[in-house]
Every structure is written in C-alpha cells, then in structure tokens.
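Colleague: I'm new to reading models like this one, so please take me through it step by step. Let's start with how far to trust it.

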Amino acid sequence: MSAYRIILVGTDGSDSSFRAVDRAAQLAAATGATLLLASAYSPMPERERASAADRLGDLAYKVQGSTPADDALRAARERAVAAGATDIDQIAVEGDAVDVISKLAKERGAELVVIGNRGLNSLAGRILGSVPANLSHRSPCDVLIVHTTDGK
C-alpha cells in the first residue's frame, strides 16, 4: 500500500475539528501529502443577516456568507503549518458537511478523509446521524475518525 498523496480534513472551527486538523497535518507532514482543509457552510437567511447587520454595524461581514468558514480555515491552516504540513490547500463550500466533504474527496482525488468523532455518542447523532458516521458510509475513500472528544 502506498502513502496517501491527498488528505482531506473537514473543519468547522470547533476544538474537536481542530484536533482532527492536527492529526491530518501530522500525517501529511510524515508522508509528504497535500493537505486539503475544507469547511462547509450554510448561508444565513436574509432576515437573520439583516438583523445581525443592524446589531453588528461594521462587523457584520463576520457573519455573512462564507466569512465564518474562511476564518475557521485560516485558523486550521495555522495549526497545520505548526504541525509540519507544507503543501496545504483550503476551500469553503456552501452545503451540508457530509455532502461537501464526500464530493470534494471525489473531485480532488483524496485518498484519506480525516474527521473528528464529535457527534458519534450524542443522542441527536444516534437518532439523526452524525457527520463522522454518515461520512464513513458516503466517502469515496478511506476515512480516519480521530478521537477528539472524551466520549460523553
């Protein structure tokens, strides 16, 4: 089996996702793989956006469009560089996290998807399905679910 050449890691800016980024970056650094940082986002409904813009004034850009996802990706890149990854790409895509990550894995030829385990043990995750569980079934490649929570 050859080393992974493209490793895709999903991040939403949470501590759990950043721990997955750390692990993916370590793997990319060790194997010389390209690390693709991905963040899925949902657009804010117009009514909520207008309300937030009124309250936030000049800071309204922080909650509009892909800005929160872009912020998460910038922070993830910093962590990846600190973990030793050198070939890093990043992308924010509108849509559901499972759909976005599985589609990017296929389009970009990823051989490994890395994701945190947050949601696997929650009641909502058991009833509705979690991103890690659903991705493990829909990904076109290997999936590494990183233990990023205490399991409670």
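Modeller: First a term: pLDDT is the predictor's confidence in each residue, from 0 to 100. This is a predicted model, where local features need pLDDT of at least 70 and side-chain atom pairs count only at pLDDT 80 or more, while totals for chains, interfaces and linings use all residues. Residues are numbered from 1 along each chain as its sequence is written, and side-chain values use heavy atoms, with hydrogens and water left out.

Colleague: Which element of the chain has the lowest mean pLDDT?

Modeller: Elements here are DSSP runs numbered from the N terminus: helices (H or I, at least four residues) and strands (E, at least two). The chain averages 81, and 73% of its residues reach 70 or more. S1 has the highest mean of the elements, 96, while the lowest, 41, belongs to helix H5 (residues 123-128).

Colleague: How many contacts does the stretch 119-129 have beyond near neighbours in sequence?

Modeller: Contact means heavy atoms within 4.5 Å. Residues 59-63 have pLDDT below 50 and eight such contacts in the model. Where pLDDT is low, the predicted coordinates should not be read in detail. Residues 119-129 also fall below 50, and their contacts in the model number 13.

Colleague: On to the sheet. Which strands are its edges?

Modeller: Two strands pair if DSSP finds at least two bridges between them. Five strands form an open, parallel sheet, ordered S3-S2-S1-S4-S5. Pairing on one side only marks the edges, strand S3 (88-94) and strand S5 (142-146).

Colleague: What is the bridge partner of Ile6 in S2?

Modeller: Strand S1 (residues 6-10) runs parallel to strand S2 (residues 34-41), and five bridges pair them. Follow Ile6 across to S2 and you land on its partner, Thr34.

Colleague: What angle does H1 make with S1?

Modeller: Axes are lines fitted to C-alpha atoms (for helices, over the stretch in contact), and angles run from 0 to 180 degrees between N-to-C directions. Helix H1 (residues 15-31) packs on the sheet and touches S1, S2, strand S4 (112-116) and S5. Its direction and that of S1 make about 170°.

Colleague: And where does helix H6 pack?

Modeller: H6 covers residues 131-138, and its direction makes about 165° with that of S4. This helix packs on the sheet, touching S4 and S5.

Colleague: Now H1 and H3: which residues of H3 make the contact?

Modeller: H1 and helix H3 (residues 67-82) pack at about 40°, their axes 9 Å apart. That makes the pair oblique, since angles under 35 degrees count as roughly parallel, over 145 as roughly antiparallel, 65 to 115 as roughly perpendicular and the rest as oblique. H1 brings Phe18, Val21, Asp22 and Ala25, and H3 brings Ala72, Ala75, Ala76, Arg79 and Ala80.

Colleague: At what angle do H4 and H6 cross?

Modeller: The axes of helix H4 (residues 97-108) and H6 come within 10 Å. Among the residues in contact are Ile101 of H4 and Leu135 of H6. The two axes cross at roughly 35°.
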